[in-house]
Amino acid sequence: MREWVTHSQEATTMGTFTAVQGRGAARRAANSSAMDAAARWGLAARGVIYCLIGLLALRLAFGGGEQADNGGALRELGRQPFGAFLIWAIGIGVAGMALWRLSEALFGAAGPDGHKATKRLSSAGRAVFYGLTSYSMISFAIKDKGSGSSDKKSQDVTATALGWPAGQWLVAIGGLVIAGAGVWIVIQAARRSFHKHLKHAQMSQTARKVTDVLGVTGGIARGVLFTVAGIFAVRAALAYDPNKAKGMDDTLRTFADTPAGPWLLAAIAIGLVLFGVFSFALARWRRV
């Protein structure tokens, strides 16, 4: 009996030691140079997508008809020399972004408040978002047509959700979350909260000033886009009409229907391009 207890204790000790070793290995992987490279590749990939969406939206403002969302951006990439390679590179880069955010959710982000529960929860949400985005892009790359119209996808998802029990409430809450995230993005950009993530010691004075302009203007434009998209989702819930939900493309087009006309859409489009360039700056100077 005593021998059996001894063996049991040894097995428990070995299991605990193995688990600790596994957690340690995972943490080292999260802090490795490979994860650093994945995060920076992901930020650069995000920058390419936002620059393309902004340019497509700018074309819309002055009479162009291309779809201004992820699908339109990927089709634009596909028309370039080595287009298929570029789409794969962007899709893999966004997958790297998802892994980086997942590591932040599991082990905490860089910075003094990176281990807070709210920060980890935010990172987990971003990991899911970028994971789905990467899947969509890679599906597009293998001709699975995974990145179709964002407007159609939004309406399909809304229609499905409205059919669930309490679906109207779920869609409304989802819309409020998206709109709230947009407002939060605007506030964070205006407050220059991105400063705490930058390696200021490695940046010249000019680089800091340019990054400030890019981060504020680009972040505000992105936040406004999210806010308006969220409001449309709430409207769809209140009217119980999925057709009132709008994806990125339709949301951008609504800016041209305001009294400011195409100029407001052009301003938002330029802001999205600037956010794309800001993402390139983050790929260079962000603390990961």
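# Exercises on a helical chain: rings, cores and salt bridges

In this predicted model, the count of aromatic pairs comes to five. Let's work through the structure from there.

## Exercise 1: An aromatic pair

Take Tyr50 and Phe275, and work out which geometry their ring pair has and which parts of the chain the pair ties together.

**Solution.**

Step 1. Start with the rings: the centres of Tyr50 and Phe275 are 4.9 Å apart, and the planes are at 75°. An angle over 60 degrees counts as edge-to-face, and that is the class of this pair.

Step 2. Next, place the two residues. Tyr50 belongs to helix α2 and Phe275 to helix α10, so the pair ties together parts 225 residues apart in sequence.

Step 3. Now check their surroundings. Buried means under 20% relative accessible area. Tyr50 has 10% relative accessibility, so Tyr50 counts as buried. Phe275, at 4%, counts as buried too.

## Exercise 2: From a pair to a cluster

Phe275 also pairs with Phe278; find the class of this pair, and name the residues of the cluster that ring pairs build.

**Solution.**

Step 1. The ring centres of Phe275 and Phe278 lie 6.0 Å apart with planes at 45°, so this pair is tilted.

Step 2. Both residues sit in helix α10, and their separation of three residues is about one turn of the helix. Phe278 has a relative accessibility of 5% and therefore counts as buried.

Step 3. Follow the ring pairs outward, and you get a cluster of Tyr50, Phe194, Phe275 and Phe278.

## Exercise 3: The nonpolar cores

Describe the largest nonpolar core: which residues touch the most other members, and which element gives the most?

**Solution.**

Step 1. This core holds 46 residues, and those touching the most other members are Ile49, Leu74, Ile90, Leu252, Leu265 and Leu272.

Step 2. Elements giving two or more residues to the core are α2 (33–61), α3 (70–78), α4 (83–107), α5 (117–141), α8 (205–239), α9 (248–255) and α10 (262–285). The most comes from α2, which gives 12 residues.

Step 3. Zoom in on Leu252. Leaving aside neighbours within four places in sequence, Leu252 contacts Ile53, Ala57, Ala68, Leu225, Leu265, Ile268 and Leu272.

Step 4. Don't stop at one core: a second, separate core has five residues, among them Leu162, Val171, Ala172 and Ala237.

## Exercise 4: Helix α9, inside and out

Find the buried residues of α9, say what they pack against, and examine the salt bridge between Arg253 and Asp249.

**Solution.**

Step 1. The buried residues in α9 are Asp249, Thr251, Leu252, Thr254 and Phe255. Their packing partners are α2, α6, α8 and α10.

Step 2. Arg253 and Asp249 form a salt bridge whose closest N and O atoms are 2.9 Å apart. Both partners lie in helix α9, four residues apart, or about one turn of the helix.

Step 3. Compare their exposure. Arg253, with 31% relative accessibility, counts as partly exposed, whereas Asp249 is buried at 5%.

## Exercise 5: More salt bridges

For the pairs Arg79–Glu76 and Asp212–Arg192, give the N to O distances, and then place Asp212 and Arg192 in the chain.

**Solution.**

Step 1. The salt bridge count comes to seven. One of the bridges joins the side chains of Arg79 and Glu76 at 2.8 Å, N to O. Glu76 counts as buried, at 16% relative accessibility.

Step 2. Another joins Asp212 and Arg192, at 3.3 Å from N to O. This pair links distant parts of the chain, 20 residues apart: Asp212 is in helix α8, and Arg192 is in the loop between α7 (167–190) and α8.

Step 3. Asp212 is buried, with 18% relative accessible area, while Arg192 is partly exposed at 37%.

## Exercise 6: The whole chain and its surface

Summarise the fold elements, the share of buried residues, and one nonpolar surface patch.

**Solution.**

Step 1. The protein chain has 10 helices and zero strands.

Step 2. Of its 288 residues, 43% count as buried. Among contacts between residues at least 6 apart in sequence, 73% join residues at least 24 apart.

Step 3. The exposed area is about 15,300 Å², and carbon and sulfur atoms supply 67% of it.

Step 4. Trp41, Trp88, Ile92 and Ile142 make a nonpolar surface patch of about 400 Å². Of these, Ile142 sits in the loop between α5 and α6 (150–162).

Definitions and conventions: Residues numbered from 1 in each chain as written. Predicted model: local features only at pLDDT ≥ 70, side-chain atom pairs only at ≥ 80, totals over all residues. Heavy atoms only, no water. Core = buried A, V, L, I, M, F, W, Y, C linked by side-chain atoms within 4.5 Å. Buried < 20%, exposed > 50% of the residue type's maximum accessible area, 1.4 Å probe, protein only. Contact = heavy atoms within 4.5 Å. Patch = residues over 30% accessible without salt bridge, like charges linked within 9 Å, V, L, I, M, F, W, Y side chains within 5 Å. Areas by Shrake-Rupley, 256 points an atom, 1.4 Å probe, with all protein chains shown as cover. Salt bridge = Lys/Arg side-chain N within 4 Å of Asp/Glu carboxyl O. Phe/Tyr/Trp six-rings, centres within 6.5 Å; stacked < 30°, edge-to-face > 60°.
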